[in-house]
Amino acid sequence: MKKFTFAAIAAVAAVMMYSCGNGTPKANLKSDIDTVSYAIGMAQTQGLKDYLVGRLGVDTAYMDEFIKGLNEGANAGDDKKKAAYYAGIQIGQQISSQMVKGINHELFGDDSTKTISLKNFMAGFVAGTTGKDGLMTVDSASVVAQTMMRSIKAKLMEKEFGPNKKAGEDFLKANAKKEGVVTLPSGVQYKVLKEGKGAVPADTSRVKVHYEGRTIDGKVFDSSYKRGQATDFRANQVIPGWTEALTHMPAGSTWEVYIPQELAYGERQQGADIKPFSVLIFKIELLEVDSKK
């Protein structure tokens, strides 16, 4: 999940003071959006107290005033009590003007009709800040937020790119029946174009390869052959489908490898040619294996 840091964002929307009130909002986790909003709000408080004390000079004896200021929004003051209050305003400004907008964009893209629940975000944020009445720990909230954000994004992307996912599934189903195609337990498929007799890489081995990648409609999106230079990397530093193929492949081999979308980029789009949920096809020529590096 993308980290929205406090130092990078500022400014306020006055609606915050009216929508949230001055006290601790009560969480109401009736839906996935409610739960992810709460989890994100709590997760964003990691390191906040250190920031308040070290960077803003807040006396933690006045955390109630910080929460009051957080929900209202205002300018900084001099005495410790007011400083705590105004620090809350400053963070509230960041939440209003940048943080929630950034999270919405990450979750929903350019769809301005969708938003996380500000009420539940603030409930999680306040609970994480004060350390009181939290429905999760800050660490567990980070895990919940990351997991649920990915799940929500995947559902939205699947709705839009469902036909692409179906086309990939149909392709792999038909391809598995073709002569010479082997299907590994992971779902990765391959066809041997040239059988090598060298070492088989471990996932930590460095390998040198030539390759060409294309989509199931035949569009080439990357090629070391076109660049005229083989590439060198560790076998576990690539998409999972590549790692799976390489760790079954003797050096000197050339395979055509068919990678299911979940072992490629899943719901993520990569450049202009690789749409979400794309099955990818690679010609992979394993030139060298170095297990010592």
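These are my notebook entries on a predicted model.

**Entry 1: the chain as a whole**

I began with the secondary structure and counted nine helices and seven strands in the chain. I then looked up burial and found that 44% of the 293 residues are buried. For the contacts with a separation of 6 or more, I noted that 71% come from residues 24 or more positions apart.

**Entry 2: strand S6**

I next examined strand S6, residues 254-259, and asked how many of its six residues are buried. Six of the six are, so S6 is largely enclosed by the rest of the structure. As general background, side chains in a regular strand alternate between the two faces of the sheet. I therefore looked at each face of S6 separately: Thr 254, Glu 256 and Tyr 258 are buried on one side, and Trp 255, Val 257 and Ile 259 are buried on the other. Both faces are thus recorded as covered.

**Entry 3: the partners of S6**

I looked up which strands pair with S6. Strand S2, residues 189-194, runs antiparallel to S6 and is joined to it by five bridges. Strand S7, residues 280-290, also pairs with S6 in the antiparallel sense, over six bridges. I followed Tyr 258 through both pairings: this residue is the bridge partner of Gln 189 in S2, and it stands opposite Ile 281 in S7.

**Entry 4: Glu 262**

I moved on to the loop between S6 and S7, where Glu 262 lies. Is Glu 262 buried or exposed? Its relative accessible area is 52%, and as the cut-off for exposed is over 50%, Glu 262 is classed as exposed. I found a polar contact of 3.3 Å between the side chains of Glu 262 and Gln 261. I also recorded the distance to Gly 241, which is 21 residues from Glu 262 in sequence, with 8.6 Å between the two C-alpha atoms.

**Entry 5: helices H5 and H6**

I turned to the helix packing and took H5, residues 80-108, with H6, residues 118-130. Their axes come within 12 Å and cross at roughly 120°. That angle makes H5 oblique to H6. I noted the crossing as right-handed. On the H5 side, the contact is made by Ile 91, Ile 95, Met 99, Val 100 and Ile 103. On the H6 side, I listed Leu 118, Phe 121, Met 122 and Phe 125.

**Entry 6: helices H2 and H7**

I then looked up the packing of H2, residues 32-43, against H7, residues 138-175. The angle is about 140° and the axes are 8 Å apart. H2 and H7 are therefore oblique to each other. Their crossing is left-handed. The H2 residues making the contact include Ile 33, Val 36, Ala 39, Ile 40 and Ala 43. Among those of H7 are Val 138, Ala 141, Ser 142, Ala 145, Met 148 and Ile 152.

**Entry 7: Ser 142**

I closed with one residue of that contact, Ser 142, which is placed in H7. Why is Ser 142 classed as buried? Its relative accessible area is 13%, and the class requires a value under 20%. Setting aside neighbours within four places in sequence, I found Ser 142 in contact with Ala 43 and Gln 46. Of these, Ala 43 is also listed on the H2 side of the contact with H7.

Terms used: Residues are numbered from 1 along each chain as its sequence is written. This is a predicted model: local features need pLDDT of at least 70, side-chain atom pairs count only at pLDDT 80 or more; totals for chains, interfaces and linings use all residues. Side-chain values use heavy atoms; hydrogens and water are left out. Buried means under 20% relative accessible area, exposed over 50%, partly exposed in between (1.4 Å probe, protein chains only). Helices (H or I, at least four residues) and strands (E, at least two) are DSSP runs, numbered from the N terminus. Two strands pair if DSSP finds at least two bridges between them. Contact means heavy atoms within 4.5 Å. A polar contact is a pair of N or O atoms within 3.5 Å; within protein, one must be able to donate a hydrogen and the other to accept it, and residues adjacent in sequence count only if both atoms are side-chain atoms. Axes are lines fitted to C-alpha atoms, for helices over the stretch in contact, and angles run from 0 to 180 degrees between N-to-C directions. Angles under 35 degrees count as roughly parallel, over 145 as roughly antiparallel, 65 to 115 as roughly perpendicular and the rest as oblique. A crossing is left-handed if the near helix is turned anticlockwise from the far one by less than a right angle, and right-handed if clockwise.
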